[in-house]
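I opened my notebook to get to know a new structure from the ground up. Come along and look over my shoulder.

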Amino acid sequence: MSGAALAVVVVVVFLLTFYLLQRYGDLRRQQRMVLFGTLLSWYLCFLIVFILPLDVSTTIYKQCILDNEPHPTPVTPARHINQTETGSSLHPTVSVLKSCEEPWSYIPDGILPVFWRVVYWTSQFLTWLLLPFMQSYARSGAFSTAGKNKTALIENAIYYGTYLLIFATLLIYVAAHPNQLTWTKLQTIGITAANTWGLFLLVLLLGYGLVEIPRSYWLSSCPGYLLTKTYFKAAKMATEKAAAEENLADVMEEVAAVHESVRYNHHLRKCVDTILTKCPTDYQEKMGRDVESSHGDQNVLPTERSLVSLHKRVISAVQRHNQTHVQWSILVDEAFHLEDVAKSLSSSAHHFIHSFSSAQQHSWIRRFIYTPTVEWYWECVFRRCFYRLLAVLLCLLSAAVVWSECTFFSTHPVLSLFAIFIQMAEKQYNYICIEMACFVSILFLCVCVYSTVFRIRFFNYYYLVPHHQTDAYSLQFSAMLFCRLTPPLCLNFLGLIHMDSAISHQDRIQTSYTSIMGSMHLLSFISDGFYIYYPMLILLLCLATFYNLGSRCLNLVGFHQYITDDDLTSDFVDEGKELIKRERRKRQKTEDAENRRWAWRERCGGQGATGRTRAGYTKLENNQNSPVTEIKRSGIMVTRRDREAEEQQTSLLQDDSSDEGLQNKRCTGGRYLSLSPSQTGIFDDV
């Protein structure tokens, strides 16, 4: 196969990375350098995970050849006597060499070392130098490239200074020893420092994912639990949505004041025009009408520094406003679907019925494959069994990982389950089993770690939102985390299967990936202490996650989490249920109005006069009842009400039965509320 397997993996991983970036980012709207940096970082990290099994099988094949090649010089007299007694040495050598068959995915010598060196150092350059600078550049509110660069350098001065301090400390430690300091040792110091930081964070994320992922699949098999949790999320999202709308209104008031005070002949007018381009369309039109009717009484002029701060807050407010509206619409659709599942479970007819015709996607998959009958059997019968079976398998894998993390340092006897399985397959030279076992094991570890990265949220500072709603700062922050977590994750996996000599202390050929990492024995207190004993902390973290200690602590300090035996959770669930009922009534009124309108047109005009069929009006109805249209109808009314949070939340919960003339109006958040990528830019100059 030569390098064909490597080429196939490279293409498949690129497609997977591109799909994830398209799901979370906006390919048409966001700045090209941000997308390229995120795509490259994710791609290199995923590539390491998929190529590492091929490196393991290739190393085992080389070890087989080394163990079975003839040695012309006798090592010991006893060995010479044994070879003489067994007769000619040619026949055993030939018979043993026949067992060392070349694996199907064998990669020729010289390719993997260069490949790992390019991938590793590129990812490290991105995560420690380039991406932090690009983060500050994208988040800056400056109006020029020089201003953005200046802000990025100032914000990262402390960041880079911390790296230099840590590196200098390790350098002094190595220089204090009598060994000669070389460039290779300096590289090893830097790699060890980066892997130590990554391993510290890796254990924390892995301890959470090993418990939460199997539990989430087990609980997902219960539609009642999912519906209750969706009600809880709806209550929290309604509060966040109202807060985002209020914050946007406050910021737009400041923009309107600046727009009125800075006239068109002022030197700061270009900065004000740049800020206006980031505002929603409705606010831009309103500000234009207000300026025409004003008499120029505003005399307080802003400074350039205040405009930079305002520009930054406008970008953040608009982004958060759009995120909450899209998340709210998706959450409402999910609640409607789960309520339909609950009704179908108690129905005797084996036919899944949607509450709204707009929820049914009229595609060929729906008509011929995923019919209402098939959907009923999946949602009401097979889904529960499939998810519970998957949860049991994931639970067994989690138990194997925890046991192996606590015992992988023992080589005699071998206690790590992953090492036992790999060694059994190595004795049979079954390279397919070796690669599949390595791939499944490291893929499970990556899912536990990466899924936690996609789930965690640091206020509004870092938050990965699907449906093209993730901002540039969060995309680059996730890319930095991936680049820092992947190398220690791979080293930890190689330690689990005893392919890392720094941990197993075995005299055998190292993988090409381990050879790039260098000898960790240069810093013995890390290789013999931290790398071995710190992963045992996973056991304590898994127990804490199992008993929801983290969620309970967050709940105590005011960050409400879904806890089944908490009274506050019950209040949120009841509030969310009422919110979903009101949204259901609003959507039902809208759909009834569309049906009456279609019936009236059909009765008066006839199908021949209009040239439309019921299918055409059904398509129109689907478009008007989409989540985006619901957002537009509620968003226009909210902007016209008082800014106070209490009245704003009241208007959010009111039933809106009026649908005449709303189709030609634009939503508060601009075109960004579309679930598909937009063609207009909000960060064009970033």
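Here are my entries, from the whole chain down to single residues.

**Entry: the whole chain**

I noted before anything else that this is a predicted model. I looked up the secondary structure and found 27 helices and two strands in the chain. Then I asked what share of the 686 residues is buried. Buried residues make up 47% of them. For the accessible surface I wrote down about 34400 Å², with 62% of that belonging to carbon and sulfur atoms. I also checked the contacts in the chain with a separation of 6 or more, and 79% of these join residues 24 or more positions apart.

**Entry: two long-range meetings**

I wanted examples of residues that are distant along the chain but close in space, so I picked two leucines. I began with Leu131, which sits in helix H5, residues 111–139. Is Leu131 buried or exposed? Its relative accessibility is 0%, so Leu131 counts as buried; the cut-off for buried is under 20%. Ala479 is 348 residues away along the chain, yet the C-alpha atoms of Leu131 and Ala479 are separated by 7.9 Å. Leaving aside neighbours within four places in sequence, I listed the contacts of Leu131 as Gly37, Ser41, Leu126, Gln476, Ala479 and Met480.

Next I turned to Leu539, in helix H21, which covers residues 537–546. Leu539 has 40% relative accessibility and therefore counts as partly exposed. Its C-alpha atom is 7.3 Å from that of Gly207, with the two positions 332 residues apart along the chain. When I set aside residues up to four places away in sequence, I found Leu539 touching Val402 and Cys406.

**Entry: aromatic rings**

How many aromatic pairs does a search of the whole structure find? I got 32. One of them joins Phe336 and Phe356: the ring centres are 5.3 Å apart and the planes are at 50 degrees, so I logged the pair as tilted. Phe336 belongs to helix H12 (residues 304–345), while Phe356 is in the loop between H12 and helix H13 (364–369), so this pair ties together parts that are 20 residues apart in sequence. I found both Phe336 and Phe356 buried.

For another geometry I looked at Trp376 and Tyr377, whose ring centres are 5.1 Å apart; their planes stand at 90 degrees, so the pair is edge-to-face. I then looked up the accessibility of each partner. Trp376 counts as buried because its relative accessibility is 8%. Tyr377 has a relative accessible area of 31%, so I put it down as partly exposed.

I also marked one aromatic cluster, formed by Tyr24, Trp42, Phe46, Tyr450, Phe454 and Phe482.

**Entry: charges over rings**

Which residue has its charged end over the ring of Tyr463? I found Arg457 there, 4.2 Å from the ring centre. I noted Lys148 as well, lying over the face of Tyr137 at 6.0 Å from the ring centre.

**Entry: a nonpolar patch**

On the surface I came across a nonpolar patch of about 760 Å². Its makers are Phe458, Phe459, Tyr461, Leu554, Leu556, Val557 and Phe559. I looked more carefully at one of these, Phe458, which has its place in strand S1, residues 457–458. Phe458 shows 38% relative accessibility and so counts as partly exposed.

**Entry: backbone oddities**

I finished with the backbone. Where does a cis peptide bond turn up? I found one from His412 to Pro413, with omega near 0 degrees. Pro413 is in the loop that runs between helix H14 (372–407) and helix H15 (417–427).

I then looked up positive phi values in residues other than glycine. His467 has one, at about 60 degrees. It is located in the loop between strand S2 (462–463) and helix H17 (472–496). With a relative accessible area of 27%, His467 is partly exposed. Asn548 is another non-glycine residue with a positive phi, near 55 degrees. I placed Asn548 in the loop between H21 and helix H22 (549–556). Asn548 has 27% relative accessibility, so I wrote it down as partly exposed.

Terms used. Residues numbered from 1 in each chain as written. Predicted model: local features only at pLDDT ≥ 70, side-chain atom pairs only at ≥ 80, totals over all residues. Heavy atoms only, no water. Patch = residues over 30% accessible without salt bridge, like charges linked within 9 Å, V, L, I, M, F, W, Y side chains within 5 Å. Areas by Shrake-Rupley, 256 points an atom, 1.4 Å probe, with all protein chains shown as cover. Salt bridge = Lys/Arg side-chain N within 4 Å of Asp/Glu carboxyl O. Helix = DSSP H or I, 4+ residues; strand = E, 2+ residues; numbered from the N terminus. Buried < 20%, exposed > 50% of the residue type's maximum accessible area, 1.4 Å probe, protein only. Phe/Tyr/Trp six-rings, centres within 6.5 Å; stacked < 30°, edge-to-face > 60°. Lys NZ or Arg CZ within 6 Å of the ring centre and 35° of its normal. Contact = heavy atoms within 4.5 Å.
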